[in-house]
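Colleague: I've got a model open and I'd like to learn how to read it feature by feature. Could you walk me through it?

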Amino acid sequence: MKRPAAALLCAVLLAGCAGGAGERPGAVDGRAQDPPRAGQGGTGPVPALPRAEGDTRRLPPVVDHVPTREPVVFLTYDDGAERDPRFVGLVRERRLPVSMFLTDSVVGPGYGHFARLRAVGASIQNHTLDHSALRGLPYAGQRAEICGQQHKLRSRFGISPRLFRPPYGTYDRTTLRAAADCGITAVVLWRASLNTDGELTYPRGEPGLRPGDIVSVPAGETMSPSLTERTVRLLREIKRKGLRVGRLEDHLEDHR
Ligand SMILES: [Zn+2]
């Protein structure tokens, strides 16, 4: 892809996706959604695992926090718009088990960067083919977005991701069914998000970083401060709270 086209695409995606206050759960096109209710989809954790009618399989849990006694938090990065080579160095040097949720139309020809990240310890997860807001879409469309990206990631990396983050944090019961049918075992939201000033915000629930929190680090609207700089600041804050970075999929496996 030519650079101007890529830049434009990122600008469009950032405007509705990961800019400013982050990829806010519960916001679609800037409008807040109703509070989520268990089993009815929405944008928050589903306390009781819903079952589809006549479907005996369990649907994947929706998580923004993992119950744990370990002093860990989880760092998640969305879309794949920022490809700062220094970030690869940071992940390698600090041995950060971060999770990268990738959207094919954003990454475009940039998968090589994420292969390098994966080689130094990052995990690659699913964030749809085209970054569509899934809530309300028919099953076939949702499945195509999720399974399509599973296929892309399998052909690029030889992996079958188990974690899925719905764009904008918006989903419904159909999303959970489609995700399960694509091999997803957990739908991952976030409890804290890093804003462009490098400060943590808490879209819902009590402020303050706690063990088990899933933190979203959105792409910046500008390259300054860079993803690396914002992550370094965040790591300082994490350390100050006596916490460290854990590997999300390992902890989700432990608590199923
Ligand atoms: Zn996104």
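Modeller: Sure, and let's begin with one glycine: Gly 169 is buried, at a relative accessible area of 0%. Keep in mind that this is a predicted model.

Colleague: Where in the fold is Gly 169 placed?

Modeller: Gly 169 sits in the loop between S7 and H6. From its C-alpha atom to that of Val 187 is 9.5 Å, with the two positions 18 residues apart along the chain.

Colleague: And the residue before it, Tyr 168: buried or exposed?

Modeller: A residue counts as buried under 20% relative accessible area. Tyr 168, with 14%, is therefore buried. Tyr 168 is also in the loop between strand S7 (163–164) and H6. Check its backbone too: phi is positive, about 65°, although Tyr 168 is not a glycine.

Colleague: Which other residue should I look at for a positive phi near 60°?

Modeller: Try His 131, another residue other than glycine, where phi is near 60°. His 131 belongs to the loop between strand S6 (123–126) and H5. With 3% relative accessibility, His 131 counts as buried.

Colleague: What does Thr 103 touch, if I skip residues up to four places away in sequence?

Modeller: His 131 is one of its partners, and the others are Asp 79, His 127, Thr 128, Leu 129, Asp 130 and Gln 149. Thr 103 itself lies in the loop between S5 and helix H3 (104–107), and its relative accessible area of 0% makes it buried.

Colleague: Now helix packing. How do the axes of H5 and H6 cross?

Modeller: For a pair of helices, look at the distance, the angle and then the handedness. Here the axes of helix H5 (residues 139–157) and helix H6 (residues 173–181) come within 9 Å and cross at roughly 45°. Angles under 35 degrees would be roughly parallel, and 65 to 115 roughly perpendicular, so H5 is oblique to H6. The crossing is right-handed.

Colleague: Which residues of H5 and H6 meet?

Modeller: H5 brings Tyr 139, Gln 142, Arg 143, Ile 146 and Cys 147, while H6 brings Thr 174, Thr 175, Arg 177, Ala 178, Ala 179 and Asp 181. By type, the contact holds five nonpolar, three polar and three charged residues.

Colleague: Let's go inside. Which residues have the most contacts within the largest nonpolar core?

Modeller: Leu 75, Met 100, Leu 209 and Ile 238, in a core of 34 residues. To see how a core is built, ask which elements feed it. Two or more residues come from each of strand S4 (72–79), helix H2 (85–93), strand S5 (99–102), helix H4 (111–119), H5, strand S9 (192–194), strand S11 (214–217) and helix H7 (227–240). H7 gives the largest share, five residues.

Colleague: What is Leu 209 in contact with, leaving aside its neighbours within four places in sequence?

Modeller: Leu 209 contacts Val 73, Ala 192, Leu 200, Tyr 202, Val 215, Ile 238, Lys 241 and Leu 243. Apart from this core there is another, of 26 residues, including Val 72, Ile 146, Ile 184 and Trp 190. You've already met Ile 146, on the H5 side of the contact with H6.

Colleague: Zooming out, how many helices and strands does the protein chain have?

Modeller: Eight helices and 12 strands. Of its 256 residues, 55% count as buried. Finally, take the contacts with a separation of 6 or more: 72% of them join residues 24 or more positions apart.

Note on methods. Residues are numbered from 1 along each chain as its sequence is written. This is a predicted model: local features need pLDDT of at least 70, side-chain atom pairs count only at pLDDT 80 or more; totals for chains, interfaces and linings use all residues. Side-chain values use heavy atoms; hydrogens and water are left out. Axes are lines fitted to C-alpha atoms, for helices over the stretch in contact, and angles run from 0 to 180 degrees between N-to-C directions. Helices (H or I, at least four residues) and strands (E, at least two) are DSSP runs, numbered from the N terminus. Angles under 35 degrees count as roughly parallel, over 145 as roughly antiparallel, 65 to 115 as roughly perpendicular and the rest as oblique. A crossing is left-handed if the near helix is turned anticlockwise from the far one by less than a right angle, and right-handed if clockwise. Contact means heavy atoms within 4.5 Å. Ala, Val, Leu, Ile, Met, Phe, Trp, Tyr, Cys and Pro count as nonpolar, Asp, Glu, Lys and Arg as charged, and the others, Gly among them, as polar. A nonpolar core is a set of buried Ala, Val, Leu, Ile, Met, Phe, Trp, Tyr and Cys residues joined through side-chain atoms within 4.5 Å. Buried means under 20% relative accessible area, exposed over 50%, partly exposed in between (1.4 Å probe, protein chains only).
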